[in-house]
Amino acid sequence: MKYNELTEDEKYVIEQKGTEKPFSGRYNDFYEEGIYKCKKCSKPLFKSKDKFSSGCGWPSFDDEIKGAVKKVPDRDGRRMEIICSNCDAHLGHVFEGEGFTSKNTRHCVNSISLVFDSKEKCCENHSVAYFAAGCFWGVEYYFKKLEGVYSVVSGYMGGDTQNPTYETVCSGMSGHLEAVKVEYDCCEITYEELVKYFFEIHDFTQTNGQGPDIGSQYLSAIYYTDDKQKQTAMKILDLLSDKGYLVATTLHNASEFYSAEDYHQNYYERTGKVPYCHTRKKIF
């Protein structure tokens, strides 16, 4: 993985586990709305809504973006170090039981380990991903639960027929799969996190459909929009293979996406039902 170039001061803190002087960092007394990302790899780490003033001289957060931070015993044997879960960059330390906020947790972070994206910039960073994992009702239902995802549309992708209908797709003659278009804010959730979640909400080892839904339109597939998405998906496929899974999911360059009929959109939200062939099973 290619990382951002660091200055000598940044290397001292981020790679050699140093500490910047208190009250000297850019983000110590800084409260704009946005997302704080890792200086080394740009992974989103903290949200501005979780930042508070502790008076310690370093930026303080009472929560992290889920899965973004790892906690490891510090080499001094007394404290708990926090590092980026993606690149292991040193961020600072975490303390509990101090009573600053209701969450009773303080992530004490070096400003130099962070880079900030304002709310306005984050809103510009909307990205798109396409996934097929069986009946699009259930896939849409689960992706809508993710923070950072602001739109999920059920539709069809991968076939040869223009403007396919549900009946045409179900016949198996058009070559399309039931798929979803996921629009998300990459300041809040990464493509890699979406791909991992995709594999956790369906049986990616099934070769003839998904659950009780049998047919070519229900196969598992990822449609990538660029080489970066392709490489990320391939990395996760390799991880699954290393875990012993026989993965049936295929990778394809994204083709034209056709939105499904209105009565397929927000199906479970409208009907009050729950998915019958999708559930989440933690893998990663």
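Of the 284 residues in the chain, 49% come out as buried. The model is a predicted one, and its chain carries seven helices and 17 strands. The C-alpha trace spans about 65 × 40 × 30 Å along its principal axes. Roughly speaking, the outside looks like this: the accessible surface comes to about 14200 Å², with 47% of that belonging to carbon and sulfur atoms. As for charge, the mean positions of the 35 positive and 43 negative charges sit 5 Å apart. Contacts reach across the sequence, too: among those between residues at least 6 apart, 68% join residues at least 24 apart.

Now for the inside. In soluble globular proteins, nonpolar side chains tend to be buried together. Here the largest nonpolar core has 38 residues, and F131, F143, V180, V182, L194, F199 and I222 have the most contacts inside it. Two or more residues each come from β10, α3, β11, β12, α5, α6 and α7 (267-271). Helix α5 gives the most, with six residues. A second, separate core has 24 residues, including F30, C41, V109 and L114.

Back to α5 (residues 191-200), which is mostly covered, with eight of its 10 residues buried. Those are Y191, E192, L194, V195, Y197, F198, F199 and E200, so to speak a list with two glutamates in it. They pack against β10 (126-133), α3 (136-143), β11 (149-157), β12 (177-185), β15 (220-224) and α6 (227-242). One α5 residue, L194, also turns up among the contacts of V182. Leaving out residues up to four places away in sequence, V182 touches S127, V128, A129, F131, F143, V149, S151 and V152 as well.

Notes
Residues are numbered from 1 along each chain as its sequence is written. This is a predicted model: local features need pLDDT of at least 70, side-chain atom pairs count only at pLDDT 80 or more; totals for chains, interfaces and linings use all residues. Side-chain values use heavy atoms; hydrogens and water are left out. Buried means under 20% relative accessible area, exposed over 50%, partly exposed in between (1.4 Å probe, protein chains only). Helices (H or I, at least four residues) and strands (E, at least two) are DSSP runs, numbered from the N terminus. Contact means heavy atoms within 4.5 Å. Accessible areas come from the Shrake-Rupley method with a 1.4 Å probe; for residues, only the protein chains shown count as cover. Lys and Arg count as positive and Asp and Glu as negative; His and the chain ends are not counted. The place of a charge is taken as NZ of Lys, CZ of Arg, CG of Asp or CD of Glu. A nonpolar core is a set of buried Ala, Val, Leu, Ile, Met, Phe, Trp, Tyr and Cys residues joined through side-chain atoms within 4.5 Å.
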